[in-house]
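Here are a few notes to read alongside the model. I have kept them short and numbered.

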Amino acid sequence: MDALVSLLNGPRAQGAFLLRSIMDAPWSMRIQDEAPLTVVAIVTGSAWIRPDGRGAEHLQPGDVAVALGPTPYLVADDPDTPAQVIIHPGQRCTTIYGADLAQEMSLGVRTWGNSPHGETTMLTGTYQMAGAVSRRMLSALPTLAVLRAQDWDCPLIPLLADEIVKDEPGQEAVLDRLLDLLLIAVLRSWFARPEGEAPGWYRANSDPVTGRALRLIHNNPAQAWTVASLAAQSGVSRAALARRFTEMVGEPPMSYLTGWRLALAADLLHEPDSTVDSVARKVGYSNGFALSAAFKRVRGVSPREHRRLAG
């Protein structure tokens, strides 16, 4: 499992909010839904997107923006167009005065807007929950990441545009997977750019030694790993792995392993039938007491308190 796969094990698009918007100018929407991550792709026309406190970016056909919450942002035909619509948590849509617009602006299956023949068509996919595993990836992204059409070659936007308006059996699962694939493609292209500032642990995946150790940790977190056992499986000495891993990732192997295990545990604790003991065994701790001690030491709260706060 590499870094991008681990992202999908965090905010995986299970029942994600997906919408096609068709708009005619003037139009302006203030998004304050507090969603952890939203993908916006332009199909036709253009749009401006501006997070609070930052400059606006002009999006054209084929461009994709990834916006991180909970920072509110504006999406509009022009950055100076005053907001006409507010998107609240839960994707509730109102006027700026609070009047509901869900029915008034509905244009069919997963389609919404102010005109059925508007010049701008955009696709929005919103991940409404963020897992602890994914935060390592999300923290490496800016509040707004924009990938231009000329900077990548991806057939997923037209495919998602075709599928988003279908109402067939299993369609929600199809759309979830397409959104996941689009996000992966965008992030892979984003981090491949020099200005993408990929974090060390992401770049380290391509290293034959450190990348091997990372995959061992990701794929088998319950294994009783030591620096020595990771080094043996990576084909280098213990000292060589410790030095190389720390240089490339920014922290020692055992520190990274602990963070990964506890991030997995934090997500698993949200599952309704999980217990602290069962989660402990899945992530490499002998029992619930050992997990609780590590969890409290690193994350500042006990597993049970974490579950209560998240719930």
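1. How many disulfides does the count come to? With a disulfide taken as a pair of cysteine sulfur atoms within 2.5 Å, the count is zero. Cys-93 is buried at 6% relative accessibility, and Cys-154 is buried too, at 18% (buried means under 20% relative accessible area with a 1.4 Å probe, protein chains only).

2. A word on the basis: this is a predicted model, where local features need pLDDT of at least 70, side-chain atom pairs count only at pLDDT 80 or more, and totals for chains, interfaces and linings use all residues. Residues are numbered from 1 along each chain as its sequence is written, and side-chain values use heavy atoms, leaving out hydrogens and water.

3. The largest nonpolar core (buried Ala, Val, Leu, Ile, Met, Phe, Trp, Tyr and Cys joined through side-chain atoms within 4.5 Å) holds 65 residues, and Val-39, Trp-152 and Leu-291 have the most contacts inside it. Helix H4, residues 171-192, gives the most to this core, with 10 residues (helices are DSSP runs of H or I, at least four residues, and strands runs of E, at least two, numbered from the N terminus). Another core, of 23 residues, lies apart from it and includes Ile-42, Leu-59, Tyr-73 and Leu-101.

4. Leaving aside residues up to four places away in sequence, Trp-152 touches Leu-182, Ala-185, Val-186 and Ser-189, among others (contact means heavy atoms within 4.5 Å). Gly-62 and Val-64 are also among the residues that Trp-152 touches.

How values were computed: Buried means under 20% relative accessible area, exposed over 50%, partly exposed in between (1.4 Å probe, protein chains only).
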